[in-house]
Amino acid sequence: MKVAIQGIQGSYHHQVASILYGNVELLECSTFDQLVNAVSTGHVQTGVMAIGNSIAGSILPNYNLIKEQNLCITAEYYLNIEHQLMAQKGQVFEDIFEVQSHPMALLQCQSFFRKHPHIKLVETDDTAAAAQRIARDSKMGIAAIASSQAAAFYELDVVAKDIQEVRNNATRFVVVNRESIIDEQANKATINFTANHEPSSLAKILTKLGDLDMNVTKIQSIPIIEKPFLFSFVADLEFKNLQLFKEAQLEIGILVESLKILGIYKSHTL
Ligand SMILES: O=C(O)C(=O)C[C@]1(C(=O)O)C=C[C@@H](O)C=C1
């Protein structure tokens, strides 16, 4: 089996793929687009992709990528994220004038860098790639934000520890496949729907979901790309058993303008 991840060895995606699949063969993708394409064309069976972070929020484009490529979410995983600032061996924090990392990682460390405004922040494709380049090119004065595993793997020194805004920083990852694989123990679903433009239409849908014992753990509006400033909604629903969700699917189907099930899977908690 081959798993597509965004990023390279030592990235947070790599950590999640290892936790879920062990020492599996990886397809390292530099963008989320490449990742979903690899899954949808059947080049790999499975992809692991970040969908949101507790500090930086949702990675909105990823919802549309999953939807447009008709992929199915088959699992979720929450990873605790502790960012380290790392540089060439022998460097200290005072030497650093530029920091490179994935934009989501930079967003998660904003307060730290507000205190050091002379440091230039540069976006890169992933945390581990930033670390790898610093090690490979022996760059002085430049640091990367990445995990302690990346620091160990690329033999860099940590010059500032745990620089994310808060200790409890977590990123939610989803596993995507071409086909849905529904576990009988599934207790969570991600749905995408559009509501009619009528007063209370969204409120009616949410009330109905509550009446049907669906616990809405997240609701997110996402742009409908071909219709400027119109939005659809992605909702995560938790339920006691699959039968209850199937009933809810029928009942909600009557109230919404359109409905697509993005995935039915077992919930994960940190
Ligand atoms: O750059 C990485 O290491 C990644 O795995 C990407 C990513 C993301 O896309 O959010 C994953 C977890 C962290 O939130 C920061 C970056």
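Start by selecting Ala170, which sits in strand S11 (residues 170-177). Strands here are DSSP runs of E with at least two residues, helices are runs of H or I with at least four residues, and both are numbered from the N terminus. Before you click further, know that this is a predicted model: local features need pLDDT of at least 70, side-chain atom pairs count only at pLDDT 80 or more, and totals for chains, interfaces and linings use all residues. Residue numbers start from 1 along each chain, as its sequence is written.

Back to Ala170. Is Ala170 buried or exposed, or something in between? Ala170 is partly exposed, because 15 other C-beta atoms lie within 10 Å. (Buried means 20 or more other C-beta atoms within 10 Å of the residue's own, exposed means 12 or fewer, and partly exposed is in between; the C-beta atoms are placed from the backbone.) Now add Tyr78 to your selection: Ala170 and Tyr78 are 92 residues apart in sequence, yet 6.3 Å apart in space, C-alpha to C-alpha. Tyr78 is also one of the residues that Ala170 touches, along with Ser54, Leu79, Asn80, Ile81 and Leu270, not counting residues up to four places away in sequence. Touching, or being in contact, means that the two C-beta atoms, placed from the backbone, lie within 7 Å.

**Zoom out to the domains**

Try colouring the protein chain in three pieces: domain 1 (2-80 + 170-177), domain 2 (84-160) and domain 3 (188-265). These bounds come from an automatic or database domain assignment. How far apart do the C-alpha centres of domain 2 and domain 3 lie? They are 40 Å apart.

The UniProt record, an unreviewed entry, labels residues 2-178 "domain: Prephenate dehydratase". Positions from UniProt are given in the numbering used here, feature names are shortened, and annotations may be inferred rather than shown by experiment. Residues 2-178 are 31% helix and 33% strand, with their end C-alpha atoms 14 Å apart. The same kind of unreviewed UniProt annotation, "domain: ACT", covers residues 190-266. That span is 32% helix and 39% strand, and its end C-alpha atoms lie 11 Å apart.

**Visit the ligand**

Next, show the ligand and what is around it. It is surrounded by 15 residues, the closest being Ser11, Tyr12, Met104, Asp126 and Thr127. A residue counts as near the ligand if its C-beta atom, placed from the backbone, lies within 6 Å of it. Helix H1 (12-21), strand S3 (46-53), helix H4 (103-107) and H6 each give two or more residues to this shell. Which domains does the shell draw at least three residues from? Both domain 1 and domain 2 do this. Colour the shell by type and you get six nonpolar, eight polar and one charged. In this scheme Ala, Val, Leu, Ile, Met, Phe, Trp, Tyr, Cys and Pro are nonpolar, Asp, Glu, Lys and Arg are charged, and the others, Gly among them, are polar.

**Into the core**

Now go for Met86, Ala131, Ala146 and Val176: of the 72 residues in the largest nonpolar core, these touch the most other members. Helix H6 (residues 127-136) gives the most to this core, with six residues. A nonpolar core is a set of buried Ala, Val, Leu, Ile, Met, Phe, Trp, Tyr and Cys residues joined through C-beta atoms within 7 Å. In soluble globular proteins, nonpolar side chains tend to be buried together.

Click on Ala146. Leaving aside neighbours within four places in sequence, its contacts include Gly10, Met86, Ala128 and Ala131.

Then hop to Ala128, in helix H6. Ala128 counts as buried because it has 29 C-beta neighbours inside 10 Å. Select His14 too: its C-alpha atom is separated from that of Ala128 by 9.5 Å, although the two are 114 residues apart along the chain.

**Two loop stops**

Finish with two loops. Ser138 is in the loop between H6 and strand S9 (142-146), and its phi is near 45 degrees, a positive value in a residue other than glycine. Ser138 is exposed because it has 8 other C-beta atoms within 10 Å.

Where is Phe229? Look in the loop between strand S13 (215-223) and strand S14 (231-238). Phe229 is not a glycine, but has a positive phi of about 65 degrees. With 6 C-beta neighbours inside 10 Å, Phe229 counts as exposed.
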